[in-house]
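The following exchange asks for the reasoning behind several labels applied to a protein model. Each reply sets a computed value against the criterion concerned.

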Amino acid sequence: MNNESYGRLENYLAQYMTATSGRQESPQNTANNQPIQTTSAMQETQVPNGQSEDWSPTSWRSKPIKQIVTYEDQAAANAACKKLSALPPIVTPTEIVRLKSSLRDAALGKAFLLQGGDCAELFSYCADEPIDAKMKLLLQMSLVLIWGSNKPVIRIGRIAGQYAKPRSSPTEILDGKEVPSFRGDILNGYDPEHRRVDPERLVSAYFHSATTSNYIRAQLSSGFADLHNPIDWELGHVRDQELQTKYQTIVQSISDSLRFMKTIGADTAGQLQTVDLFTSHEGLVLEYEQSLTRRLKNPSGHKPTRASSDGKAWYNTSAHFIWIGDRTRQIDGGHVEYFRGIENPIGIKVGPSMKNDELVELLDIVNPSKEIGKITLITRYGADKVEAMLGAHIEAVKASGHIVVWQCDPMHGNTRSTPTGIKTRSFNSIFSELSSALKIHKQHNSYLGGMHLELTGDAVTECTGGSEGLVDEDLSLNYTTYCDPRLNEKQALELAFLVAGHYRADGGL
């Protein structure tokens, strides 16, 4: 191996390990139905030392709210939230701040954010095989993206909490009967006889999230992501020879280089055994999020978003990263009110109805200090609208002085129904929106900082297209989603290669 090859390998390893636990430097300073005033929440509204009086974990209750949850048994809902408020955090401030530091790099064009997972996570997905499959797929995709972009990749799963889904209508017609819509396992069941909102599911969501997070941590600490063994991340359901060859070429190159480093005594084995995989979900059910919002000590060296004299800040401990959906981003709404007070990095879905001035006003509310990377704007226009809308949004944000992570969600704007009523998405449309976003950001001297995908490690047939050429008639072969269609393992990896190819062809767009 010559010096140039050795240097490339060192650089690649650095990109892979950027978000690795234990290797981060200190972060740079940079009108619901009335419940659920738990004991801790009531104490929080008394304003702890140094905390601004205009926000508390319960202040969202004074605002109008969309996607409202009505509990038939309010006493049971109060009891569930009280129990949640006494349970341990699922994630820690140190992990949250580590992610925030990495997202700062993504906002500045120095890293790429890969976020993906199920549309609607089910409690039944809390099992080793489905968790392993999603972890493995995100790791494989990150290897490909690092190879293409020559940037560190931040990995965030839509996992360990993505149990709630917004719905366009509170009810639907099944077999000629009107029933409540399925709103995710955190609220009700998919089977028609389980559609009543059950507050005990709030507690179940906590334990399924905690169990999933614990298993992810255990797997990563046990060498699941060890770069010495990428061959172990076999391609599972992918049988396409060309795709297998392309992936194995990358893996073999890494393996050969690591063997060479070991031979010359330059092996960095201890540094290559684990990476960070952060968790995320849509922060839709605010009584759940409120119950897991804790005032905790800031990690050493961290400058919090909101100044305080007690060295503490409000952290949402249900996940490392949560986002506001396109249906709940009202300027005067309860969701925006809640999100503006937490220390976590947050996402905001940006769809075709978002006006330029509205977007800037929203950023000013949730990030008045203009902290770099605090906000991830998740654009989801659709392949036919991205060209007309994205550029104006980029310029409006640049003029405002906010520096955000721009992330493309090419899934939600490209959903359609087949003539037989099956929801699907076209792989070509998904890639088209991503390609347009890459091009438009380059035209506006901006950075596409990431992509946000609904995917699974299973061999489902929910999205059409891709190299296997799925068509509408193939969807029934293995259509298993309980909400929106997801990319299967092969389609997701293909997409990673196509995006990586864009970066390599255009010199790091």
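Q: What makes the pairing of the side chains of His412 and Asp409 a polar contact?
A: In this predicted model, the two side chains approach to 2.7 Å. A polar contact requires a pair of N or O atoms within 3.5 Å, so the pair His412 and Asp409, at 2.7 Å, qualifies.

Q: Why is His412 called buried or exposed?
A: The relative accessible area of His412 is 18%. Buried means under 20%, so His412 is classed as buried. His412 is placed in the loop between strand 11 (405–408) and strand 12 (415–417). Neighbours within four places in sequence aside, His412 is in contact with residues including Arg158, Lys349, Arg380 and Glu454.

Q: How do you know where the residues that UniProt lists for "binding site" lie with respect to one another?
A: The unreviewed UniProt entry lists Cys119, His412, Glu454 and Asp484 under that heading. They span 366 residues in sequence, but no two of their C-alpha atoms are more than 10.0 Å apart, and therefore they gather at one spot. The contacts of Cys119 include Glu454 and Asp484, and those of His412 also include Glu454 and Asp484.

Q: Why is Cys119 not counted as part of a disulfide?
A: The closest cysteine sulfur to that of Cys119 belongs to Cys483, at 3.7 Å. A disulfide needs two cysteine sulfur atoms within 2.5 Å, so the sulfurs of Cys119 and Cys483 are too far apart for a bond. The structure as a whole holds zero disulfides. Cys119 and Cys483 do nevertheless touch.

Q: What makes the labels for the accessibility of Cys119 and Cys126 what they are?
A: Cys119 has 0% relative accessibility and therefore counts as buried, the limit being under 20%. Cys126 has 23%; partly exposed lies between the 20% and 50% limits, so Cys126 counts as partly exposed. Cys119 is found in the loop between strand 1 (112–117) and helix 5 (128–149).

Q: How do you know to what extent strand 7 is enclosed by the rest of the structure?
A: Strand 7 covers residues 312–316, and four of its five residues are buried, so strand 7 is largely enclosed.

Q: What makes strand 6 and strand 7 a pair?
A: Two strands pair if at least two bridges are found between them. Five bridges join strand 6 (residues 293–297) to strand 7, so the two count as paired, and they run antiparallel. Within this pairing, Leu296 has Ala313 of strand 7 as its bridge partner.

Technical notes
Residues are numbered from 1 along each chain as its sequence is written. This is a predicted model: local features need pLDDT of at least 70, side-chain atom pairs count only at pLDDT 80 or more; totals for chains, interfaces and linings use all residues. Side-chain values use heavy atoms; hydrogens and water are left out. Buried means under 20% relative accessible area, exposed over 50%, partly exposed in between (1.4 Å probe, protein chains only). UniProt positions are given in the numbering used here, feature names are shortened, and annotations may be inferred rather than shown by experiment. Contact means heavy atoms within 4.5 Å. A polar contact is a pair of N or O atoms within 3.5 Å; within protein, one must be able to donate a hydrogen and the other to accept it, and residues adjacent in sequence count only if both atoms are side-chain atoms.
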